[in-house]
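Dear colleague,

Please find below the structure I am handing over to you. A summary of what was found in it follows.

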Amino acid sequence: MGIMIQQLSVFLEDREGRLDEVLSVLAGNDVNIVALSLADTTEYGMLRMIVSDPNKGKAVLKENGITAMLTDVVALKVPHETGSLSRAMHQIVDGEVNIEYMYAFANGEYASAILKCDDPARVADILRGSGFDVWDAPEAYVSNIKNEL
């Protein structure tokens with residue numbers, strides 16, 4: 001089971017339409033965005049995404065002159081209970097692993113927190129060992145919201 005998932009990251013130059021261009025390329029190539037985080041600095045934006053097919057996403061962006069990179073991240077399953085994210089973070093701090101950044105999104109019966117850290121495999125072990133779970137790649141790359149008929 002792959003505990004590491006791949007995040008697709010794109011540097012966005014500070015110019016009008018750049019974000020739209022990236023999103024259009026992905027949409028036009030049937031790459032679905034499951035989660036995204038957009039952070040900006042004075043010079044550029046950093047778009048980080050969990051997508052349905054990270055390798056295809058990187059390739060189609062490259063074909064359109066957009067540089068993207070893949071990064072190993074951990075996707076924590078966060079139960080919808082007050083304090084659950086706090087408990088998970090406490091375990092990671094106790095394990096002395098540094099988290100560089102995190103972003104979260106609602107995902108069906110769980111929320112999900114994407115964690116970028118210096119040792120993703122260790123973080124996944126710490127979390128699993130303390131009663132939490134992480135999404136594996138096939139689960140993480142699709143929206144887990146069930147369609148009710």
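A residue is called buried here when its relative accessible area is under 20%. In this predicted model, buried residues account for 44% of the 149 residues in the protein.

Regarding the overall fold, the protein contains five helices and seven strands. Read from the N terminus, these elements follow the order β-α-β-β-α-β-α-β-β-α-β-α. The radius of gyration is 16 Å, which agrees with the value near 15 Å that a compact globule of 149 residues would have. Along the principal axes, the C-alpha atoms fill a box of roughly 45 × 45 × 25 Å. Of the contacts between residues at least 6 apart in sequence, 68% join residues at least 24 apart.

As to the surface, the protein exposes about 8,200 Å², and carbon and sulfur atoms supply 49% of that area. There are 23 negative and 12 positive side chains, with the centres of the two sets 3 Å apart.

Turning to the interior, nonpolar side chains tend to be buried together in soluble globular proteins. The largest nonpolar core in this model comprises 17 residues, and Leu76, Ile92, Leu115, Val123 and Leu127 have the most contacts inside it. Strand E4 (68-79), helix H3 (84-94), strand E6 (110-117) and helix H4 (120-129) each give two or more residues to this core. Leu76 may serve as an example: leaving aside residues up to four places away in sequence, Leu76 touches residues including Leu85, Ala88, Met89, Leu115, Leu127, Phe132 and Trp135.

With kind regards

Terms used:
Residues are numbered from 1 along each chain as its sequence is written. This is a predicted model: local features need pLDDT of at least 70, side-chain atom pairs count only at pLDDT 80 or more; totals for chains, interfaces and linings use all residues. Side-chain values use heavy atoms; hydrogens and water are left out. Helices (H or I, at least four residues) and strands (E, at least two) are DSSP runs, numbered from the N terminus. The radius of gyration is taken over C-alpha atoms; the globule rule is 2.2 Å times the number of residues to the power 0.38. Buried means under 20% relative accessible area, exposed over 50%, partly exposed in between (1.4 Å probe, protein chains only). Contact means heavy atoms within 4.5 Å. Accessible areas come from the Shrake-Rupley method with a 1.4 Å probe; for residues, only the protein chains shown count as cover. Lys and Arg count as positive and Asp and Glu as negative; His and the chain ends are not counted. The place of a charge is taken as NZ of Lys, CZ of Arg, CG of Asp or CD of Glu. A nonpolar core is a set of buried Ala, Val, Leu, Ile, Met, Phe, Trp, Tyr and Cys residues joined through side-chain atoms within 4.5 Å.
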